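Let's take a walk through this one together, from the overall layout down to a few odd spots in the backbone. Have the viewer open and follow along.

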2 protein chains.
Amino acid sequence: MRVAVTLKDIALRAGVSQATVSIALGSSGRISGATRERILSIASELGYRRNLLVHGMQTGRTKSIGLLMSFCGRFEAGLFEGISGALDAAECVPFVLRPSRDVPVLGQIHALLDRRVDGILMRPTGEARWERHLHEALDRHVPVVSIDVETQADAPQVDFVGTDDAAGAAIAAETLFGAGHRRLACISTGDFPTPMFIRRKAFEAAVEKEKNATCHAVHQPWEDGIDGYAAANEVFSQSPRPTAVFVTMDALARGVYRAAAERRLRIPEDVSVIGFADELIAGLLQPPLTTLKQRPVDIGRIGAERLLARIDEADAHGERRRVLIQPELVERASLGQPPKL
Amino acid sequence: MRVAVTLKDIALRAGVSQATVSIALGSSGRISGATRERILSIASELGYRRNLLVHGMQTGRTKSIGLLMSFCGRFEAGLFEGISGALDAAECVPFVLRPSRDVPVLGQIHALLDRRVDGILMRPTGEARWERHLHEALDRHVPVVSIDVETQADAPQVDFVGTDDAAGAAIAAETLFGAGHRRLACISTGDFPTPMFIRRKAFEAAVEKEKNATCHAVHQPWEDGIDGYAAANEVFSQSPRPTAVFVTMDALARGVYRAAAERRLRIPEDVSVIGFADELIAGLLQPPLTTLKQRPVDIGRIGAERLLARIDEADAHGERRRVLIQPELVERASLGQPPKL
DNA sequence: CTGAAAGCGCTTACAG
DNA sequence: CTGAAAGCGCTTACAG
């Protein structure tokens with residue numbers, strides 16, 4: 001067994017004090033001339049590794065953060081990729097906790113705080129129970145940054161980085177208008193304050209502003225594996241039938257395609273479909289789904305960078321800053337002109 | 001700002017020594033009668049939270065582990081769900097680091113060790129560079145458990161929990177034999193020691209043992225977004241044409257379906273296809289893909305439990321233990337009898 | 001530039 | 001059952 005090498009060991013070998021070694025090894029402070037070189041070489045020879053537990057306790061910086069999020073799709077994978085990249089550059093490491101029904105959020109936040117994380121990055125679920133526990137962190141001057149879903153009034157000091165969902169929904173609407181559609185439908189799920197909710201509101205607002213345009217909106221409560229089938233059936237049984245459907249997340253398109261197939265409605269000849277998110281399924285559907293592509297890697301990276309900046313500022317209570325990332329239209333084959341009457 | 005409450009604060013208020021408070025709060029040792037009650041109530045009143053940095057330094061247990069894995073699909077999400085569940089129960093929290101070309105593995109292991117993780121759970125990539133750095137952990141008596149991909153001879157003390165890939169491949173072969181197929185093909189990717197490699201070898205071995213059965217094997221080097229299209233074209237241009245194709249991972253089926261469609265081969269009437277993993281895509285393909293379902297949540301859970309057990313045993317150098325989880329056939333629509341001549 | 005000392009917030013023998 | 005003391009491995013003023 002190898003026993004950990006300590007400052008004392010190095011000091012002994014180098015014939016200097018522990019304090020000198022500490023200073024020489026830290027990038028900080030007064031330089032120690034040639035002594036430093038000697039200390040450095042002894043340290044590396046001995047395979048010294050600083051105990052970050054103690055270091056963190058002394059300095060108040062553990063170079064660790066907490067990350068509260070779950071992993072279910074390509075979007076989350078992108079977020080994590082971006083986050084990891086930014087943290088790597090700062091030599092910071094994330095504790096990752098997965099929100100779940102069985103585990104109280106407060107307990108998770110305490111688990112992080114007890115380990116003295118420097119900050120917390122979170123992707124809130126839609127549920128409100130998150131917000132009220134954030135003060136446990138903020139009160140201790142541990143900054144919190146939220147990605148993808150914005151926290152609400154309860155926690156106005158929480159920075160936000162996410163997709164500009166409203167802009168994306170407006171692009172979807174404009175695209176449909178541009179193709180000649182006026183009789184639209186919107187199939188949605190997810191309540192305030194989820195991105196899906198914001199997309200729906202923005203889409204409806206865009207329709208309101210467009211002359212002669214109407215929107216038949218169907219909202220379904222969120223559930224696992226939701227696919228929009230029931231809502232699509234309602235939409236397709238309207239008369240006159242909408243010529244285009246906006247779904248607030250790609251997964252809903254699956255049910256739309258199925259309902260359309262059952263009614264022998266061709267996509268896009270009889271009905272156009274446009275999604276949001278560019279999840280894996282968008283490219284797999286036949287015809288491939290036109291959708292709004294998010295930039296999860298950027299969101300993750302910028303979110304982590306903002307958190308690191310907050311940590312350096314030592315300012316957990318500043319006003320909220322928001323960064324909105326523009327989504328981009330990915331044109332595939334599910335969108336065409338409205339059918340001729 | 002709230003300043004952290006320490007043992008001293010509680011001791012002062014309770015009129016006892018710091019040591020007494022420490023003992024009363026720890027679940028360990030001698031009970032302190034009524035004093036304990038008083039201390040406990042003062043602690044909770046003050047909102048005391050133990051500093052796990054210091055606690056970890058004192059006891060040598062940080063209740064943190066390192067988790068080295070990346071997130072790209074449903075399988076990984078399942079692993080993480082299982083891991084999280086097991087760790088939650090032990091009040092343990094994982095640092096999660098994502099392997100990537102840009103970041104040296106050694107650096108990641110050091111980042112974990114410097115933070116004094118109690119153990120490391122890893123899902124190795126196929127690359128060998130992992131293994132030789134594991135000793136950094138093992139030498140310090142930090143146990144390592146590997147999931148999904150078994151580490152090799154370099155690190156024989158590393159426990160393994162993963163799918164019984166060989167058994168799964170044998171099931172695939174038996175299923176095809178049972179349906180009457182004898183002219184088989186195997187499309188594979190991934191080298192030793194990935195699960196895909198093991199599946200391929202086991203499949204070929206099963207074919208060898210079956211009378212009159214042949215297998216046309218095509219191996220493609222692993223790359224991102226690989227879909228098996230080129231390999232499928234090679235398979236389909238054989239004469240006589242194989243009547244069934246085993247792909248060592250579901251994603252490869254995508255190219256097989258495409259190649260089949262281009263040649264107007266119907267699935268399963270003209271050619272049967274069987275996959276491995278039950279990834280999301282398996283259910284989305286048309287016809288839905290018959291495949292071998294893995295049990296990622298169990299693998300994750302058992303892997304984490306094994307690691308926790310190793311930590312408790314304080315035995316990082318015991319012999320390797322292996323847990324193989326049986327995969328299960330998911331019958332969907334891509335498998336039928338061979339075409340009549 | 002360097003050393004001696006104090007301190008971070010705990011736990012753990014060791015006495016009483 | 002409880003207290004006084006030492007110690008974990010560092011960092012940080014404070015003297016020299």
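**Starting at the front end of chain A**

Set aside the neighbours within four places in sequence, and A:Asp9 is in contact with A:Ala4 and A:Leu46. Keep in mind as you look that this is a predicted model. A:Asp9 sits in helix H1 of chain A. Is this residue, A:Asp9, buried or exposed? Its relative accessibility is 34%, so A:Asp9 counts as partly exposed. Another residue to find from here is A:Ala43: it is 34 residues away from A:Asp9 along the chain, yet the two C-alpha atoms are separated by 9.0 Å.

Stay with that helix for a moment. Two packed helices are described by the angle between their axes and the distance between the axes. For helix H1 (residues 7-14) and helix H2 (residues 18-25) of chain A, the angle is about 105° and the axes are 8 Å apart. That makes H1(A) roughly perpendicular to H2(A). On the H1(A) side, the contact is made by A:Leu7, A:Lys8, A:Ile10 and A:Ala11, and on the H2(A) side by A:Gln18, A:Val21, A:Ser22 and A:Leu25.

Chain B has its own pair to look at. Helix H1 (residues 7-14) of chain B packs against helix H2 (residues 18-25) of chain B at about 105°, with 8 Å between the axes. Here too, that makes H1(B) roughly perpendicular to H2(B).

Now zoom out. The domain assignment splits chain A into domain 1 (7-50), domain 2 (64-164 + 296-326) and domain 3 (165-294). Measuring over C-alpha atoms, the centres of domain 1 and domain 3 of chain A are separated by 64 Å.

**How the two chains go together**

Two copies of a chain are related by a rotation about an axis and a shift along it. For this pair, chain A superposes on chain B with a rotation of 180° and 0.0 Å of shift along the axis, at an RMSD of 0.1 Å. That is the relation of a two-fold axis. Which residue of chain A comes closest to the rotation axis? That would be A:Phe95, whose C-alpha is at 2.1 Å. As for the contact surface, 100% of the interface residues of chain A are also interface residues in chain B, so the copies meet through the same surface.

**Into the cores**

In soluble globular proteins, nonpolar side chains tend to be buried together. The largest nonpolar core here has 54 residues, and the members that touch the most others are A:Ile187, A:Phe236, A:Val245, B:Ile187, B:Phe236 and B:Val245. A second, separate core has 46 residues, among them A:Met69, A:Val145, A:Ala304 and B:Ile83.

Pick A:Val245 and look at what surrounds it. Beyond four places in sequence, A:Val245 is in contact with A:Ala185, A:Ile187, A:Val235, A:Phe236, A:Val271, A:Ser272, A:Val273 and A:Ile274. A:Phe236 also shows up among the buried residues of helix H10 (residues 229-236) of chain A, along with A:Ala231, A:Ala232, A:Asn233 and A:Val235. The cover over the buried residues of H10(A) includes strand S6 (183-189), strand S7 (214-220), strand S8 (244-247) and helix H11 (250-262) of chain A.

Over in chain B, have a look at B:Arg199, in helix H9 (residues 195-209). With 3% relative accessibility, B:Arg199 counts as buried. Not counting residues up to four places away in sequence, B:Arg199 touches B:Asp165, B:Ala169, B:Phe246, B:Thr248, B:Met249, B:Phe276 and B:Gln294.

**A few backbone oddities**

Most residues other than glycine have a negative phi, and most peptide bonds are trans. Against that background, the peptide bond from A:Ile267 to A:Pro268 is cis, with omega near 5°. A:Pro268 lies in the loop between H11 and strand S9 (272-274) of chain A. In chain B, a cis peptide bond joins B:Ser239 and B:Pro240, with omega about 0°. You'll find B:Pro240 in the loop between helix H10 (229-236) and strand S8 (244-247) of chain B.

Then there is phi. B:Asp148 is not a glycine, but its phi is positive, about 75°. B:Asp148 is buried, with a relative accessible area of 4%, and its place is in the loop between strand S4 (144-147) and strand S5 (159-163) of chain B.

Methods. Residues are numbered from 1 along each chain as its sequence is written. Chains are lettered from A and ligands numbered from 1 in the order in which they are written. This is a predicted model: local features need pLDDT of at least 70, side-chain atom pairs count only at pLDDT 80 or more; totals for chains, interfaces and linings use all residues. Side-chain values use heavy atoms; hydrogens and water are left out. Domain bounds come from an automatic or database domain assignment. Copies are superposed by least squares on the C-alpha atoms of residues with pLDDT of at least 70 in both. Contact means heavy atoms within 4.5 Å. A nonpolar core is a set of buried Ala, Val, Leu, Ile, Met, Phe, Trp, Tyr and Cys residues joined through side-chain atoms within 4.5 Å. Buried means under 20% relative accessible area, exposed over 50%, partly exposed in between (1.4 Å probe, protein chains only). Axes are lines fitted to C-alpha atoms, for helices over the stretch in contact, and angles run from 0 to 180 degrees between N-to-C directions. Helices (H or I, at least four residues) and strands (E, at least two) are DSSP runs, numbered from the N terminus. Angles under 35 degrees count as roughly parallel, over 145 as roughly antiparallel, 65 to 115 as roughly perpendicular and the rest as oblique.
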